[in-house]
Amino acid sequence: MVTDGPSDLDLLRHGEILSCDLTRQGSNYTYLAEISLQDRYALAIYKPRQGEWPLWDFPSGTLYKREYAAYLLSHILGWDFIPLTIIREGPGGIGSVQLYVDHNPRENYYTITREELSDCDADQLRTICCFDLVANNTDRKPEHVIRAPDGKLWGIDHGLTFHADTKIRTAIWDFADEPIPDRLLEPLRSLCGQLLAPTGDVAELLSMMDAAEARALMQRLQWVLQEGTYPGLPGYRRRRRRG
């Protein structure tokens, strides 16, 4: 098989970081990096460990691992909505490096859901919402859902995930009290079995968290499977969807 050049994964892992510009996103140090390998160039989001601001409820120096763990979880489940993410050394030391997705920064979850939701957008948001339950995402802000030029929705900024205590905080409540689709529950059932004898990506996922966090992941999976519905807020009114 002939390829046109290095893959995205090779580019992120082995490419030379040509530039690294600090952005204004969030309280932690986040850089927009240009990476080159052979004749390929790409932009990536680089979050070094040493640029993480200490938090009272998350162990220091672990957010970059959680970014990678979130990507691994989405990959294991077959839910392709988190950009390719790795851990590597950079100008600021070890950190997460995530392939940059071109998007309009003025368009986010709020603008996407301002009007009636299309079936396509609704299905993508259902996936992101279910993921947040399993990953215990404590920081799903509106701007953490972005749209690429081809219309695909992506989820970014997953450093505050996988805490052992339930801390789910999200802007997405469109599906409150709705059944979670079988297409999402089936890979969760499969993951439960894989966690009992982890290998490959599942073993790599567990290596990114401590024992209490790994136990909590299994417990959340079992909870989501047992409930089978998206949690709701009292009095919350779901948006209408086209159709």
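Not counting residues up to four places away in sequence, His158 touches Arg66, Glu67, Ala70, Phe81, Ile82, Phe131, Asn137 and Arg140, where touching, or contact, means that heavy atoms lie within 4.5 Å. This is a predicted model, in which local features need pLDDT of at least 70 and side-chain atom pairs count only at pLDDT 80 or more, while totals for chains, interfaces and linings use all residues. Residues are numbered from 1 along each chain as its sequence is written, and side-chain values use heavy atoms, with hydrogens and water left out.

His158 is found in the loop between E7 and H5, names that follow a simple scheme: helices (H or I, at least four residues) and strands (E, at least two) are DSSP runs, numbered from the N terminus. With a relative accessible area of 0%, His158 is buried; here buried means under 20% relative accessible area, exposed means over 50%, and partly exposed lies in between, as computed with a 1.4 Å probe on protein chains only. The loop between strand E7 (153-155) and H5 also holds Asp157, which has a positive phi of about 60° although it is not a glycine. Phe162 lies in the loop between E7 and H5 as well, and Phe162 has a positive phi of about 65° although it is not a glycine. Most residues other than glycine have a negative phi. Phe162 counts as buried, because its relative accessibility is 1%.

The loop leads into helix H5, which has 15 residues (182-196) that should span 21 Å at 1.5 Å a residue, and its end C-alpha atoms are 22 Å apart, which agrees. The expected span is 1.5 Å times one less than the number of residues in the helix. Which residues of H5 are buried? They are Leu184, Leu185, Pro187, Leu188, Leu191, Cys192 and Leu195. These buried residues cover an arc of only 165° around the axis, which puts them on the same side of H5; the arc is that of the directions from the helix axis to the C-beta atoms. The face of H5 turned away from its buried side carries the exposed residues Asp182 and Leu196. On the buried side, the residues of H5 pack against helix H2 (63-77), helix H4 (119-135), helix H6 (200-207) and helix H7 (211-227).

Two of these partners can be followed further, beginning with H6. In H6, the residues Val202, Leu205 and Leu206 are buried. They cover an arc of only 95° around the axis, which puts them on the same side of H6. What covers the buried residues of H6 includes H2, H5 and H7. Gly200 also lies in helix H6, but Gly200 counts as exposed, because its relative accessibility is 55%. Gly200 and Pro231 are 31 residues apart in sequence and 32 Å apart in space, taken from C-alpha to C-alpha.

The other partner is H4, whose 17 residues should span 24 Å at 1.5 Å a residue, and whose end C-alpha atoms are 24 Å apart, which agrees. Of the 17 residues of H4, 14 are buried, so this helix is largely enclosed by the rest of the structure. Just after H4, Asn136 takes a positive phi of about 60°.

How do H4 and H7 meet, and at what angle do they pack? Their angle is about 135°, with their axes 8 Å apart, where axes are lines fitted to C-alpha atoms, for helices over the stretch in contact, and angles run from 0 to 180 degrees between N-to-C directions. H4 and H7 are therefore oblique to each other, since angles under 35 degrees count as roughly parallel, over 145 as roughly antiparallel, 65 to 115 as roughly perpendicular and the rest as oblique. The contact is made by Cys130, Leu133, Val134 and Ala135 of H4 together with Leu217, Arg220, Leu221, Trp223 and Val224 of H7. The residues of this contact divide into 8 nonpolar, no polar and 1 charged, where Ala, Val, Leu, Ile, Met, Phe, Trp, Tyr, Cys and Pro count as nonpolar, Asp, Glu, Lys and Arg as charged, and the others, Gly among them, as polar.

Two further residues complete the walk. Tyr109 is found in helix H3 (residues 109-112) and is buried, with a relative accessible area of 1%. Tyr109 and Val145 are 36 residues apart in sequence and 5.3 Å apart in space, C-alpha to C-alpha. Cys20, in turn, lies in strand E1 (residues 16-22) and counts as partly exposed, at 25% relative accessibility.
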